[in-house]
Structures are given as structure tokens and as C-alpha cells.
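Reader: I like to know what stands behind each label in a structural description. Could you walk me through the reasoning?

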Amino acid sequence: MIATAKTQATSETLLAAVLSSLSDDKAEDVVQIDLRGKTEIGDYMIICSGRSSRQVAAMSEKLVERLKGEFGVVARTEGKGTGDWVLIDTGDVIVHIFRPEVREFYQLEKMWQPTTTN
């Protein structure tokens, strides 16, 4: 087996890989939130939806596999067992994959996106 060099995992390269993986797996309503300068939990947050529990679980599994294969990043996951809401933490990029009803209930985007003044 030939050893291949892993791509350097910066927050921007991780973000691009996450967005690419989610696009490949037909994630819906993808929202990207820049967290830099707002919190220490990460540089970016991605929130998206899958049509079913099965799709949510499959998208999260594929994303974790792709990040490990391309960057050697071992992402921590929570919630994959039920498939309602899966959290994937790469350290720099935090990904939330929801079923639409669960996403609507928690409204996570509203907590992190800038407020608008009228």
C-alpha cells in the first residue's frame, strides 16, 4: 500500500471539505456562520438539514470518514444513533445536521447569526 500525504487541515480547508461533502450528499438549507472573534468553540459553524433520520445519519458518517481520510482529522460526534440531530466537532468547524422539524424547533441559526436593527 502506498502512503499518501494528508492535506493540511486549516479551518478554511476543513470548511471547504465539509461544504463539499454536504453538497455531495444533498444536504438542504446549508447555512454557514463565521464564529471567528465571537467564541472560542470554533471558527465556523455549519447548519443543514437532511430529509430523514437515515439521510442525517448517513451524511454524518460520510463526512466523518471523508475528513479522516483527507486530513487525518478524527471528529467527535453526538446524536448519530437517533438521526434527529447530529453534531460533528472537528475542532475548527462545528457541523449540525438536523431533520427539518428538529431544526425548526431549536432554531440554532437565530442564536448565532447577527441581529438586524430596524
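Author: Gladly, and let me begin with a term we will need: a salt bridge is a side-chain nitrogen of Lys or Arg within 4 Å of a carboxyl oxygen of Asp or Glu. Please keep in mind that this is a predicted model. By that rule the count comes to 10 salt bridges, and Glu12, Asp34 and Arg36 are linked in a network of them.

Reader: What makes Arg36 and Asp34 a salt bridge?

Author: Their side chains meet with N and O 2.5 Å apart. The cut-off is 4 Å, so the pair qualifies.

Reader: And why is the contact of Asp25 with Lys62 called a salt bridge?

Author: The closest N and O atoms of Asp25 and Lys62 are 3.9 Å apart. The rule asks for within 4 Å, so this pair is counted too. The pair links distant parts of the chain, 37 residues apart: Asp25 sits in the loop between α1 and β1, and Lys62 in helix α2 (residues 53-71).

Reader: Is Asp25 buried or exposed, and how do you know?

Author: Asp25 has 12% relative accessibility. Buried means under 20%, so Asp25 counts as buried. Its partner Lys62 has a relative accessible area of 39%. Exposed would need over 50%, and the range in between is partly exposed, so Lys62 falls there.

Reader: Which label do Arg36 and Asp34 get, and why?

Author: Arg36 is at 44% relative accessibility, so it counts as partly exposed. Asp34, with 28%, is partly exposed as well.

Reader: Let us move to the strands. Why is β2 called largely enclosed?

Author: Strand β2 covers residues 44-49, and 6 of its 6 residues are buried, so the rest of the structure largely encloses it. Tyr44, Ile46 and Cys48 point one way, while Met45, Ile47 and Ser49 point the other way. In general, side chains of a regular strand alternate between the two faces of the sheet.

Reader: What makes β1 and β5 partners of β2?

Author: Two strands pair if there are at least two bridges between them. Strand β1 (residues 28-34) and β2 have 5 bridges in the antiparallel sense, so they pair; Val31 has Ile47 as its bridge partner in β2. On the count for β5 (residues 93-98), 6 bridges join it to β2, and these two run parallel. There, the bridge partner of Ser49 is Phe98.

Reader: Why is the pairing of the sheet called mixed, and what makes β1 and β3 edge strands?

Author: The open sheet has 5 strands in the order β1-β2-β5-β4-β3, with mixed pairing. Both senses occur, as β1 and β2 are antiparallel and β2 and β5 parallel. The edge strands are β1 and β3 (76-78), since each pairs on one side only. From one strand to the next, the twist averages 15 degrees. Helix α1 (residues 11-24) packs on this sheet, touching β1, β2 and β5, and its direction makes about 5 degrees with that of β2.

Reader: How do you know which residues are well connected in the largest nonpolar core?

Author: By the members they touch: of its 21 residues, Val18, Leu22, Val93, Val95 and Ile97 touch the most other members. The elements that give two or more residues to this core are α1, β2, α2, β4 and β5. Apart from it lies another core of 8 residues, among them Val31, Ile33, Phe98 and Val102.

Technical notes:
Residues are numbered from 1 along each chain as its sequence is written. This is a predicted model: local features need pLDDT of at least 70, side-chain atom pairs count only at pLDDT 80 or more; totals for chains, interfaces and linings use all residues. Side-chain values use heavy atoms; hydrogens and water are left out. Buried means under 20% relative accessible area, exposed over 50%, partly exposed in between (1.4 Å probe, protein chains only). Helices (H or I, at least four residues) and strands (E, at least two) are DSSP runs, numbered from the N terminus. Axes are lines fitted to C-alpha atoms, for helices over the stretch in contact, and angles run from 0 to 180 degrees between N-to-C directions. Contact means heavy atoms within 4.5 Å. A nonpolar core is a set of buried Ala, Val, Leu, Ile, Met, Phe, Trp, Tyr and Cys residues joined through side-chain atoms within 4.5 Å.
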